[in-house]
Amino acid sequence: MSEGWPVVLGRGPVGVRPLRRRDARTWSRLRAANADWLGPWEATLPREAGPAATSYVGMIGSLRRRARLGQVMPFAVTWDGEVVGMLTVNGITWGSARWASMGYWVSRTHAGRGVTPTAVALVSDHLLQTVGLHRIEISIRPENAASLRVVEKLGFTEVGVAKAYLHIAGHWRDHRVFQILAEDVPEGLVARLDPSAGTA
């Protein structure tokens with residue numbers, strides 16, 4: 001495993017922990033219940049990439065292998081211990097770059113409760129302060145207002161628009177690209193959250 005993985009983090013009712021094989025039933029139920037909610041923002045594989053993993057077992061197997069190589073960190077997002085979403089750190093790069101990208105989703109039933117900003121802040125602080133990365137990138141479709149509110153709330157800086165950046169819902173889509181640098185937040189991102197939420 002890479003430095004800083006596996007790890008369990010929390011603040012108030014919100015937690016992040018490694019995604020497990022035994023989360024399969026919960027994950028499948030959440031995905032089915034939120035198909036319409038998540039569909040417009042869902043990454044898809046272009047035809048030339050071949051078939052995608054169609055099962056949770058296939059997905060988690062691939063993620064766990066890549067996590068052992070230090071390439072990704074697949075987190076379950078929890079509310080009072082119940083899985084309500086997922087956050088994945090992708091493309092962990094060392095050398096002279098020291099950066100990674102982050103993607104996330106949360107169930108419609110828990111949207112608007114501060115779950116996603118808290119999870120993003122917790123993992124960002126872990127990456128910048130413990131793991132030792134220098135930069136975190138989050139790329140968001142311009143139409144995804146809910147996700148845009150997350151980076152705005154946490155103070156990520158927009159660095160531009162990437163044309164045809166990612167294959168989403170069957171087409172290549174433009175994305176707005178945001179970043180946070182370690183020197184931007186010496187106090188950490190969790191410190192930017194509403195203090196009334198408490199800490200875990």
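These questions and answers deal with the sheet, the helices packed on it, a cavity and one residue of a predicted model.

Reader: In what order do the strands of the open sheet lie?
Author: The sheet is open and its pairing is mixed. The twist from one strand to the next averages 25°. Eight strands take part, in the order β1-β2-β3-β4-β5-β6-β8-β7.

Reader: Which are the edge strands?
Author: An edge strand here pairs on one side only. In the order β1-β2-β3-β4-β5-β6-β8-β7, that applies to β1 (9-11) and β7 (157-168).

Reader: In which sense do β6 and β8 pair, parallel or antiparallel?
Author: Strand β6 covers residues 135-140 and strand β8 covers residues 171-181, with six bridges between them. S139 stands opposite V177 in β8. The sense of the β6 and β8 pairing is antiparallel.

Reader: What angle does the direction of α4 make with that of β5?
Author: Helix α4 packs on the sheet. Its contacts there are with β1, β2 (14-18), β3 (73-79), β4, β5, β6 and β8. The angle between the directions of α4 and β5 is about 160°.

Reader: Which strands does α5 touch?
Author: Helix α5, residues 145-154, also packs on the sheet, and its direction makes about 155° with that of β6. The strands touched by α5 are β5, β6 and β8.

Reader: How much space lies in the largest cavity?
Author: Rolling a probe the size of a water molecule over the atoms shows where empty space is left. With a threshold of 30 Å³ or more, the structure holds one cavity. The space in the largest cavity is about 40 Å³.

Reader: Which elements give two or more residues to the lining of the largest cavity?
Author: The lining consists of V77, M86, L87, Y104, W105, V106, V115, T116 and A119. Two or more of the lining residues come from each of β4 (82-93), β5 (99-106) and α4 (115-131).

Reader: How many residues of that lining are nonpolar, polar and charged?
Author: The lining includes V77, M86 and T116. By class, the residues of the lining divide into one polar, no charged and eight nonpolar.

Reader: Is N90 buried, partly exposed or exposed?
Author: N90 lies in strand β4, and its relative accessible area is 25%. Buried means under 20% and exposed means over 50%. N90 falls between these limits, so it is partly exposed.

Reader: How far apart in space are N90 and R66, C-alpha to C-alpha?
Author: Leaving aside neighbours within four places in sequence, N90 is in contact with R66, Q71, V72, A100 and S101. N90 and R66 are 24 residues apart in sequence. Their C-alpha to C-alpha distance is 9.5 Å.

Methods. Residues are numbered from 1 along each chain as its sequence is written. This is a predicted model: local features need pLDDT of at least 70, side-chain atom pairs count only at pLDDT 80 or more; totals for chains, interfaces and linings use all residues. Side-chain values use heavy atoms; hydrogens and water are left out. On a 1 Å grid over the protein atoms alone, a cavity is a set of points where a 1.4 Å probe fits but cannot get out, and a pocket is an open set with protein on both sides within 12 Å along at least five of seven lines; lining residues have an atom within 4 Å of a point. Grid points are joined across faces, edges and corners, and a volume is the space filled by probe spheres set on the points. Helices (H or I, at least four residues) and strands (E, at least two) are DSSP runs, numbered from the N terminus. Ala, Val, Leu, Ile, Met, Phe, Trp, Tyr, Cys and Pro count as nonpolar, Asp, Glu, Lys and Arg as charged, and the others, Gly among them, as polar. Two strands pair if DSSP finds at least two bridges between them. Axes are lines fitted to C-alpha atoms, for helices over the stretch in contact, and angles run from 0 to 180 degrees between N-to-C directions. Contact means heavy atoms within 4.5 Å. Buried means under 20% relative accessible area, exposed over 50%, partly exposed in between (1.4 Å probe, protein chains only).
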